[in-house]
Amino acid sequence: HDSLTGILNRQGMDHHLGKLANEPDHTMAIVSLDLDGFKGINDEYGHGAGDTVLVEVASRISQVAGRHGLVARMGGDEFMVLVKDCGIDDVRNLGEQLVEAICEEPIEVAPDVPVRVGASAGFACIPQDAVTTHELRIRADLALYDAKGAGKHTCKRFSEADQPIEVLND
């Protein structure tokens with residue numbers, strides 16, 4: 001578990017993904033989240049304020065994900081939610097709810113010092129977007145980068161069409 005937020009850390013999430021890799025015939029999805037504007041909070045108010053933001057964001061993500069999703073802090077200001085037995089529309093709705101929950105209310109980092117942080121999210125699903133949990137994780141991250149590139153404060157699903165074409169050199 002992450003010592004700051006109390007939710008799973010990267011190793012904890014990897015452990016759960018490894019267990020799920022051996023459970024065929026399940027649908028699952030990963031929603032990857034990254035905070036927008038977090039560095040500015042750290043720079044202006046200090047790392048203690050940043051820690052307060054991370055703890056509150058982890059709490060908000062956990063509340064939205066509920067008992068249906070596993071929540072992890074993957075490092076820095078990056079989070080991940082793993083959901084089993086879900087449909088694409090359900091995951092899209094979850095991603096949008098997560099972004100809103102993070103962004104809608106300011107976070108008080110000191111008495112009478114509220115700050116706002118934004119969020120972007122990307123998701124991918126098995127079996128529609130990926131075959132393995134490793135591929136699922138990579139594609140959820142790619143969707144997150146697409147969301148950040150689309151103007152942030154949004155949730156995007158992985159799309160092959162949105163990915164750059166790799167050119168192989170002979």
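Buried, in this tour, describes a residue with under 20% relative accessible area, exposed one with over 50%, and partly exposed one in between. The model on screen is a predicted one, and the stops below follow its salt bridges, one serine and a pair of helices.

**Stop 1: Asp-34 and Lys-148**

Select Asp-34, which at 10% relative accessibility falls under the 20% limit and therefore counts as buried. Now add Lys-148, whose relative accessibility of 23% makes this residue partly exposed. The two side chains meet in a salt bridge, with N and O 2.9 Å apart. The pair ties together distant parts of the chain, since Asp-34 belongs to strand β1 (residues 28-36) and Lys-148 to helix α5 (residues 133-149), with their positions 114 residues apart in sequence.

**Stop 2: along helix α5**

Stay on helix α5 and select Glu-135 and Arg-139, which both lie in this helix, four residues apart, or about one turn. A salt bridge joins Glu-135 to Arg-139, and their closest N and O atoms are 3.7 Å apart. Glu-135 is partly exposed at 25% relative accessibility, whereas Arg-139, at 18%, counts as buried. Returning to Lys-148, add Asp-36 to the selection, for salt bridges with shared partners join Asp-34, Asp-36 and Lys-148 into one network.

**Stop 3: Ser-120**

Next, select Ser-120 in strand β6 (residues 118-126). Is Ser-120 buried or exposed? Its relative accessibility is 0%, and Ser-120 therefore counts as buried. The side chain of Ser-120 is joined to that of Asp-36 by a polar contact of 2.9 Å. If you display the surroundings of Ser-120, leaving aside residues up to four places away in sequence, the residues it touches include Asp-34, Asp-36 and Lys-148, the members of the network from the previous stop. Also among the residues that Ser-120 touches are Ser-32, Leu-33, Val-99, Leu-144 and Ala-147, together with Lys-152, His-153 and Thr-154.

**Stop 4: Asp-2 and Arg-73**

Move to Asp-2 and Arg-73, whose side chains meet in a salt bridge with an N to O distance of 3.2 Å. Here too the partners come from distant parts of the chain: Asp-2 sits in the segment before α1 (10-21) and Arg-73 in strand β2 (residues 69-75), 71 residues apart. Asp-2 is buried, with a relative accessible area of 13%, and Arg-73 is likewise counted as buried, at 14%. For the wider setting of these pairs, a search of the whole structure finds nine salt bridges.

**Stop 5: helices α3 and α4**

Now show helix α3 (residues 47-65) and helix α4 (residues 88-103), whose axes come within 9 Å and cross at roughly 145°. The crossing of α3 and α4 is right-handed. To see what makes the contact, select Val-57, Arg-60, Ile-61, Val-64 and Ala-65 on α3, and Leu-94, Gln-97, Leu-98, Ala-101 and Ile-102 on α4. Sorted by class, the residues in the contact of α3 with α4 are eight nonpolar, one polar and one charged.

**Stop 6: Asp-51**

Finish on helix α3 by selecting Asp-51, a partly exposed residue with a relative accessible area of 34%. A C-alpha to C-alpha distance drawn from Asp-51 to Gly-76 comes to 9.9 Å, for two residues that are 25 apart in sequence.

Methods
Residues numbered from 1 in each chain as written. Predicted model: local features only at pLDDT ≥ 70, side-chain atom pairs only at ≥ 80, totals over all residues. Heavy atoms only, no water. Helix = DSSP H or I, 4+ residues; strand = E, 2+ residues; numbered from the N terminus. Buried < 20%, exposed > 50% of the residue type's maximum accessible area, 1.4 Å probe, protein only. Polar contact = N/O pair within 3.5 Å; in protein donor to acceptor, adjacent residues only side chain to side chain. Contact = heavy atoms within 4.5 Å. Axes fitted to C-alpha atoms, helices over the stretch in contact; angles between N-to-C directions. Left-handed = near helix turned anticlockwise from the far one by under 90°. Nonpolar A, V, L, I, M, F, W, Y, C, P; charged D, E, K, R; others polar.
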